[in-house]
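This report describes selected features of the model shown below, with attention to one helix, the nonpolar cores and one further residue.

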Amino acid sequence: MIVHPQILEAFDLKEADYDALRYGSGHINSTIHLKSKKRGKDYILQRINTHVFKRPDIIDRNQRLAAAYLKKQAPDYFFLSPVPTVAGPCLFEWQGEYWRLLPFVKHTVAVNQADNPRQAFEAAQQFGRLARLLSGIDLREFQPSIPNFHNLTLRYSSFQDAIRSASEERREAAEDLTEAFLNYSGIAVRFEELKTDKDFRDRLMHHDTKINNVLLDDKTYEGICVIDLDTLMPGKLISDLGDMVRTYVSPVSEEEQDFDKIVIRDDYYEALMQGYLSELKGDLTPTEKEVLFYAGQFIIYMQGIRFLTDYLNGDVYYPVKYPEHNYNRAKNQLTLLQRLNEREAALRRIIGGCL
Ligand code: ADP
Ligand code: MG
Ligand code: MG
């Protein structure tokens with residue numbers, strides 16, 4: 001891969017000293033491993049995806065605020081801060097694109113799927129630890145890097161708009177699925193109620209708790225650190241916890257078309273709850289304790305209606321490989337929601353055991 005020398009120079013690195021290799025399987029940013037040719041330090045160089053993140057400066061500011069707070073509050077905590085440019089800021093703008101540099105964390109892996117409950121535990125513990133250490137930070141300084149990202153109120157009204165404005169063909173094709181999601185509108189109503197509850201506190205949340213956003217030791221699979229802090233911004237506990245439930249508990253992802261493969265693995269659910277709550281249980285408000293099961297419903301439902309909204313809108317947001325792609329993703333998430341609800345009693349017992 002060729003990286004323009006000026007980008008490296010901005011960070012006080014010389015092009016001749018590094019091999020630049022495409023790295024990882026992230027979908028959002030372009031990630032490059034800068035491998036030292038001289039046994040020096042390696043780096044990760046990332047180009048920020050400005051279609052998704054319109055304000056890279058906000059990302060940078062949020063991360064630096066968090067880093068400064070953690071440095072004082074928890075000096076031994078391993079928080080992966082970006083490397084500043086020679087000019088001072090951590091972002092370098094080059095021909096309209098934004099670049100940042102991170103220390104490369106050696107001897108680690110990012111797994112794309114939890115292969116065993118232990119990995120789910122380790123990842124959840126890392127996200128829980130970050131949330132716990134940031135629990136006391138002043139949120140007024142932060143801005144959202146993606147406004148309304150997990151605002152179910154807005155997602156639900158976009159869904160309703162899409163039902164109204166869809167082409168007749170798509171509206172009819174999605175009729176059953178639309179009705180099924182509307183039947184679960186209690187999940188959106190619950191969110192409205194929670195918003196008026198002062199115990200439903202704001203926290204600095206990661207907002208992208210997929211398992212490949214934690215680096216694990218490549219031999220022991222012990223959690224090393226959280227990465228991909230682009231959406232570190234004020235939010236609610238149910239965002240981070242819910243997306244772990246959505247993405248760690250079923251053996252298949254939202255892309256799976258054989259819906260029979262979507263199952264709730266209680267042992268993974270328990271492992272992630274244990275990992276997360278081992279860090280956070282002493283910090284939760286009574287309302288947060290009450291919404292631990294709801295977290296999974298909230299995120300799965302929101303993701304489901306986002307896919308369906310995009311199907312109804314004619315596939316304008318999520319990249320699709322075939323015409324029913326978004327329809328199938330929505331149906332997949334509906335199935336996951338149904339499976340979760342079927343196990344509610346058992347899963348609530350698991351949560352009780354973790355508190
Ligand atoms: P995206 O937003 O595209 O998902 P990430 O920040 O998650 O970007 O990076 C993509 C992948 O690159 C990660 O899943 C991980 O495998 C790898 N990676 C990112 N940062 C580091 C790092 N500092 N050290 C080692 N590997 C990293
Ligand atoms: Mg990532
Ligand atoms: Mg990301």
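In this predicted model, Gly-314 takes a positive phi of about 85° just after helix α11. Helix α11 itself covers residues 292-312, 21 residues in total, and reaches 31 Å from its first C-alpha to its last, close to the 30 Å expected at 1.5 Å a residue. Because 20 of its 21 residues are buried, α11 is largely enclosed by the rest of the structure.

The largest nonpolar core has 70 residues, and those touching the most other members are Ala-120, Leu-272, Ala-295, Phe-298 and Leu-308. Helix α11 supplies the largest share of this core, 13 residues. Another core, of 18 residues, lies apart from it and includes Phe-11, Phe-92, Tyr-98 and Leu-101.

Asp-266 is placed in helix α9, which spans residues 266-280. This residue counts as partly exposed, because it has 15 C-beta neighbours inside 10 Å. Its C-alpha atom is separated by 23 Å from that of Thr-220, although the two residues are 46 apart along the chain.

The contacts of Ala-120 and Asp-266, leaving aside residues up to four places away in sequence, are listed below.

| Residue | Contacts (beyond four places in sequence) |
|---|---|
| Ala-120 | Ala-114, Tyr-248, Tyr-268, Ala-271, Leu-272, Gly-275 |
| Asp-266 | Ala-346, Ile-350 |

As to confidence, the protein averages a pLDDT of 96, and 100% of the residues score at least 70. The predictor gives the complex an ipTM of 0.98 and a pTM of 0.96.

Note on methods. Residues numbered from 1 in each chain as written. Chains lettered and ligands numbered in written order. Predicted model: local features only at pLDDT ≥ 70, side-chain atom pairs only at ≥ 80, totals over all residues. Helix = DSSP H or I, 4+ residues; strand = E, 2+ residues; numbered from the N terminus. Expected span 1.5 Å × (residues − 1). Buried ≥ 20, exposed ≤ 12 C-beta atoms within 10 Å, placed from the backbone. Core = buried A, V, L, I, M, F, W, Y, C linked by C-beta atoms within 7 Å. Contact = placed C-beta atoms within 7 Å. pLDDT = per-residue confidence, 0-100.
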